[in-house]
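Reader: I should like to learn how the folding and association of chains may be read from a model. Might we proceed feature by feature?

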Amino acid sequence: MNLGLIHKSLRETLWVTLLCGTAVMVFEAFLAYIFNTFEWDLAEQWLQSDFFQSIIKSLLGTEFNGQIGLGAIGSIAWVHPVLLALLWAHAITICTRVPAGEIDRGTIDVLLSLPVSRWRIYLCETIVWLTGGLLAIAMALLGCKIGHLFISSAEPPEWGRLLMVSANLFLLYSAVGGLALLISSLSDRRGRSVAVVFAVVLVSFFLNFLTQLWEPARSLSFLGVLHYYRPYIILRDGIWPWRDISVLACATVALWTTGGIIFSRRDVCTV
Amino acid sequence: MGTLARVMIHAVTCLFFANRIATIPVARKFLMNVIVAENLTKRYGRHTALRRLNLSVTEGTVFGFLGPNGAGKTTTIRLILALLRPTAGSVALFGKDAWQCGPNLRQELGYLPGDLRLYSWMTLRRCLQIVGQTRGRNLLAAGFELAEALSLEDGVSVRNMSRGMRQKLGLILALVHKPKLLVLDEPTSALDPLMQRWLNRHLRARAADGATVFFSSHTLSEVEELCDRVAIVRAGELVAEESVDTLRQRAGRQVNLRWHEQTQAESIPAPPFLRLDERAGRNWSCMLTGPVSDLIQWAAGKPLDDLIVNPPDLEAVFRNYYEQERDAE
């Protein structure tokens, strides 16, 4: 770890993290409030329709068997596309900074002339990225808590289970960030790196939708990153999703390490 | 002569020889080679940017690296800094492989890129704080001292700085930790003549203290004034590596003669050590190809009204090297 590099990276990412964290918190608070206030209206009026059933099923990635309870409604807040988009945008923004972003803005020559190894630069970026991710997810939990503060009659959420969901979400975030670091290590252009990672997560998101709606696509569901993130099941059963967590953790480590090896060995300079 | 005067003469002589000693071949053998490039080659796909470059830069030398655009100067600098990995060959800094030992070696290295770009939000103070933290020492005092010499104010962020101010900030970051090796890619671009002069003096002083300066430039007069040795690259190949004095000797001097009468200018033959380029009325414009003493001896017995011997024209030598490439193309 290098204090100067951490200082620089924090200074450059602080606003993005605060902005993203605040947006996540407000959104989660809003959803917690809405779902708890209007739960039965939603269930009776909207969720009886096949169309909304399909949409919710696709989002949650599991079957309801006609039982739409508070858990199912609450878990939507953790798979909502806005939440995922915010967190993924944060991961992609931070993880494409080095080396692609630095090459793109021409500052890589100055950065690499400092007496630190490329691995150390990579590690410092990783620390800043993961700290930012943790903060953003903690803000999501805080938003959930704030949302419940405004509902006197609401059943209090099970924080232990929400922590499990958060851990799973953090690993999902890490896997996307790991991919962004790998693509960034291969590229000289930040815009190109962002586009590639964004395309991959978008395909993954739609694959998740497709596998719920179209039977033949089910066999491909393991390819999508959302296949390993199922908050409804965690909130329902209260069991740690070890398999999903392990897959996401392994993917993160593999992508991160490959990115680091490429960055440490490749030619890097302003183009 | 008083003792003080003798001491002063001695001191001036010592300073002069300290600066020049690195250019003497025998003395150079005892000094450490700070940069050694051996068969250094860099290819980008099919394009060869640098071909088997062999170079050594001795401790305490101000080394000028010259060449036309696209000759391979920046590629060489990037290989020295381990930003690029050699396709073949190697670069050693202070006797260690630049690619393998990069981070440790960069503790002793100051670098100014040719196309300098800095973080837009940084001010001088923030730059010094962050670079100081990265290098593990407090650089604020030394940095502000340099900033004062370069007339750079604190409190202006990079995004609001002019090109000259950015260049000054880049120079401060390269010089502030008093590195043993300075690698500067066109350092005087965007600097006003006053600052250029300050920089030249500063680099000379650093070299006198034992630091090595490796810099590329297009300004030949600057190279002539500042450098002990010069290397010229052309189309990725080293075409010359010599001391500036040797180049100067080879450069030849422009000589202008004015005869007393036009008939003399037309009838007297030019001696073998003078190449007559132009004859206009009473005037001769020549190039001295032999020793000055021969010219003086010859001129003493001639009916001349005026004789001007110009300084050696190094620019002509460099131009000659550059033009060879254009001719080859």
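Author: Let us begin with contacts along the sequence. The model is a predicted one. In chain B, 67% of the contacts with a separation of 6 or more join residues 24 or more positions apart.

Reader: How many helices and strands does chain B have, and what percentage of its residues is buried?

Author: The secondary structure of chain B comes to 13 helices and 14 strands. Of the 329 residues in chain B, 37% are buried, where a residue counts as buried if 20 or more other C-beta atoms lie within 10 Å of its own.

Reader: How should one read a sheet, and what is the strand order of the open sheet in chain B?

Author: One reads the order, then the edges, then the pairing. The open sheet of six strands in chain B follows the order 6-7-8-3-9-10, and its pairing is mixed. Strand 6 and strand 10 (237-243) of chain B are the edge strands, each pairing on one side only. From one strand to the next, the twist averages 15°.

Reader: In which sense do strand 3 and strand 9 of chain B pair, parallel or antiparallel?

Author: Strand 3 (residues 62-66) and strand 9 (residues 229-234) of chain B pair in the parallel sense, over four bridges. Opposite F63(B) stands R229(B) in strand 9 of chain B.

Reader: Which helices lie across strands of chain B?

Author: Helix 7 (residues 163-175) of chain B is one of them; it lies across strand 6 and strand 7 (181-185), running at about 165° to strand 6 of chain B. Helix 10 (residues 244-251) of chain B lies across strand 9 and strand 10, at about 95° to strand 10 of chain B.

Reader: How is a helix pair described, and at what angle do helix 9 and helix 10 of chain A pack?

Author: One gives the angle, the axial distance, the handedness and the residues in contact. Helix 9 (residues 159-186) and helix 10 (residues 190-213) of chain A pack at an angle of about 145°, with axes 9 Å apart. Their crossing is right-handed. Among the residues making the contact are V176(A) and L179(A) of helix 9 and V196(A) and V200(A) of helix 10 of chain A. The residues of this contact divide into eight nonpolar, two polar and no charged.

Reader: Finally, how many residues of chain B are in contact with chain A?

Author: The size of an interface is often given as the accessible area lost when the parts come together. Here one may count residues: 22 residues of chain B are in contact with 22 residues of chain A. Helix 5 of chain B gives the most to the side that touches chain A, with five residues. That side of chain B comprises 12 nonpolar, four polar and six charged residues.

Methods
Residues are numbered from 1 along each chain as its sequence is written. Chains are lettered from A and ligands numbered from 1 in the order in which they are written. This is a predicted model: local features need pLDDT of at least 70, side-chain atom pairs count only at pLDDT 80 or more; totals for chains, interfaces and linings use all residues. Two residues are in contact if their C-beta atoms, placed from the backbone, lie within 7 Å. Helices (H or I, at least four residues) and strands (E, at least two) are DSSP runs, numbered from the N terminus. Ala, Val, Leu, Ile, Met, Phe, Trp, Tyr, Cys and Pro count as nonpolar, Asp, Glu, Lys and Arg as charged, and the others, Gly among them, as polar. A residue is buried if 20 or more other C-beta atoms lie within 10 Å of its own, exposed if 12 or fewer, and partly exposed in between; C-beta atoms are placed from the backbone. Axes are lines fitted to C-alpha atoms, for helices over the stretch in contact, and angles run from 0 to 180 degrees between N-to-C directions. A crossing is left-handed if the near helix is turned anticlockwise from the far one by less than a right angle, and right-handed if clockwise. Two strands pair if DSSP finds at least two bridges between them.
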